[in-house]
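Biologist: Please show me the model. I have some questions about how its parts meet and about its backbone.

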Amino acid sequence: MTTIGQLVFSGILIGSIYALMSIGLTLIFGVLRIVNFAHGEFLMIAMYGVWAITRYLGLNPYFAVVAVVPAMFLFGALIHRLIINPGLNKPHLMVVFATMGLSILMQNVALMLFSADLFDVPPMLGGRSFTIGPFYAKPELLIGFAVAVACTLALRFMLNATYLGKAIRATVQDGEAAQLMGIPVPRIFLVTFAGGSALVGLAACMMMPLFSVFPTVGLNFVLIAFVIVVLGGMGSIEGALLGGICIGIVQSISSYYIAPAVGQMFFFILFLLVMVFRPAGLFGRKGEATIGIND
Amino acid sequence: MGVAPLGAKARASRWQLMPGRGTVSLFELVLLAIFVALVAIRLPQNLQDVVIQTFLWAGLALAWNIAGGYAGLISFGHAAFFGLGAYTSSILSVNYGVTPWIGLWLGGLLSAAFAAMLTLICARLRGPFFILSTLAASEVIRIGALNWATLTGGAEGFAILPIPSVANMIFASKTPYAALILGYLVIVYVISKVVEGSRYGFYLFAVRDDEDAASAAGVNPLLVRTGAMCLSAFLTAIGGSLFAQYFLFLDPTHVISPELSFQFALLPALGGLGTAIGPVLGSIAITPLSEMLRSYFGGGAAGLHLAIYGGVLVVVMLYFPSGIAGALERLVYRGKIRHDRAP
């Protein structure tokens with residue numbers, strides 16, 4: 001019983017960190033209606049950034065937030081300006097392939113710069129664990145969980161209560177009408193894309209103490225992120241958090257009782273099952289996946 | 001079909017300078033002649049290898065294009081079909097002594113059956129949802145192949161003993177491989193041309209461009225889509241078997257990788273989606289370049305060829321969305337009107 005409890009507990013913690021990584025993707029999808037296939041590579045360069053700051057400035061990886069998040073915001077704005085925006089009025093496919101090309105480009109530039117070696121940062125507190133009631137947890141996981149929950153709440157508050165949030169929601173509901181009401185839709189797209197990229201930067205700061213970074217690290221995580229985003233209902237922020245936690249629990253239980261590799265297979269099968277029976281995701285609106293988005 | 005402007009005289013001839021739907025063009029014949037010459041003349045081994053890979057990738061890109069270009073079913077899971085084909089024929093030949101000449105058809109059928117299942121499941125999904133589902137399905141196959149080690153050799157890989165004989169489909173020199181794979185390319189190309197000129201091809205284009213209108217006109221979108229996916233998977237699997245016979249080594253992380261699926265999709269995107277000549281041009285532009293860069297720079301600049309590839313792809317997608325084929329066509333037909341082509 002305690003084993004199951006511990007597995008679920010660890011699953012929730014790791015899942016929340018996966019969710020943090022997926023929130024940016026779901027935000028971009030929800031507003032711009034595009035899938036950024038280079039999302040994993042955004043995570044990868046942000047992780048290299050955190051690693052470099054820790055390695056060369058000797059700072060704690062969590063302090064890297066100050067530099068990495070704004071840098072990723074600017075990077076996102078640049079990519080939006082150069083690649084996403086020119087592709088928005090073209091067929092949906094063009095953005096898919098352009099971001100795919102970007103992902104290949106970034107992966108291989110990283111391979112040339114950093115080689116295929118794995119880079120780590122030293123663990124906090126010498127790798128010791130806390131005990132909370134009957135459960136054990138790494139401090140890195142607890143920090144990640146707290147940041148993920150705080151980030152979800154803050155984003156929800158921002159979307160509901162601020163002018164920018166209202167403008168974003170208006171753009172999602174009806175872009176043309178929003179434009180006519182004086183909302184600068186192109187700028188909303190820019191801010192959303194850059195903001196989604198900044199969130200990946202934040203996720204990278206939380207993940208760097210837990211995972212190694214290497215040029216193709218993004219591919220592993222982006223597949224998990226896609227699964228989470230779809231599970232949660234594409235574009236739903238709370239959905240992404242819940243989806244992430246589901247995936248975390250499935251992964252930790254199946255890798256303990258079966259085998260780590262099979263754990264991965266489980267969530268792809270889960271993903272396909274959701275696509276078959278609830279294409280709008282567990283928490284998404286009905287009809288989302290079947291209506292012709294961006295067709 | 002494009003509507004010819006009033007007064008323009010439609011050309012009666014089915015012979016054209018540039019490739020079009022349902023016609024045979026001078027361009028294609030010249031290209032074929034060059035390909036045959038490349039097989040026939042005695043090139044150095046490393047160049048022959050580049051030629052073989054260019055043919056193989058062109059064939060695979062064409063196979064992907066039947067689903068992705070003609071039917072609009074953008075799949076990032078074709079590596080699963082490729083892997084199923086490669087593993088089926090190899091396992092049958094190594095473990096059960098079935099010649100790959102038979103095994104490749106069985107791999108193709110298995111793959112087509114899997115494709116039918118996948119399409120029936122995912123057919124109602126659109127855009128990114130369909131793409132991600134195919135990606136997930138191919139990951140399931142990859143992880144399955146990795147863990148079913150008694151059958152596939154798992155992560156250690158599956159080696160085919162190099163005993164040259166025609167029955168084993170293993171040859172001592174590269175020339176028969178080049179001829180075999182050129183044969184594959186030509187067959188896939190002819191199938192593509194027949195499909196795009198046929199009634200079925202028009203059903204595909206109709207479903208791709210406007211599903212509601214197509215089904216109102218009496219086309220069954222599900223049936224049409226499933227057919228395209230099965231044909232595409234079948235041809236991809238045969239390419240996989242040929243790949244296995246040429247390289248004689250398979251492992252799941254390379255043969256069923258998402259990267260491989262992306263490659264299948266990106267070559268047609270680069271060359272010109274939904275045209276038969278596009279995927280071939282894409283492979284001619286990219287495969288020799290990446291092979292040369294790989295051999296010149298070796299380990300010194302690992303990733304350089306793919307970095308260039310990625311950069312080129314971004315630029316092409318943004319500025320030449322109809323790919324190399326479209327750019328070439330614009331160059332040749334500057335200001336002139338073509339009658340044999342849909343707008």
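**Where the chains meet**

Modeller: This is a predicted model. In it, 38 residues of chain B are in contact with 41 residues of chain A.

Biologist: Which element gives the largest share of the side of chain B that touches chain A?

Modeller: Four helices of chain B each supply at least two residues of that side: α4 (100-122), α5 (127-147), α12 (258-271) and α14 (304-319). One of them gives the largest share, with 14 residues. That helix is α5(B).

Biologist: How many residues of the side of chain B that touches chain A are nonpolar?

Modeller: Three kinds of residue make up this side of chain B. Three residues are charged and seven are polar. The nonpolar ones number 28.

Biologist: Now the backbone. Is R33(A) buried, partly exposed or exposed?

Modeller: R33(A) sits in the loop between α1 (2-32) and α2 (39-57) of chain A. Its phi is positive, about 60 degrees, although R33(A) is not a glycine. Most residues other than glycine have a negative phi. Because R33(A) has 18 other C-beta atoms within 10 Å, R33(A) counts as partly exposed.

Biologist: Where is L248(B) in chain B?

Modeller: L248(B) also is not a glycine, and has a positive phi of about 60 degrees. With 14 other C-beta atoms within 10 Å, L248(B) is partly exposed. Its place is the loop between α10 (221-247) and β4 (249-250) of chain B.

Conventions
Residues numbered from 1 in each chain as written. Chains lettered and ligands numbered in written order. Predicted model: local features only at pLDDT ≥ 70, side-chain atom pairs only at ≥ 80, totals over all residues. Contact = placed C-beta atoms within 7 Å. Nonpolar A, V, L, I, M, F, W, Y, C, P; charged D, E, K, R; others polar. Buried ≥ 20, exposed ≤ 12 C-beta atoms within 10 Å, placed from the backbone.
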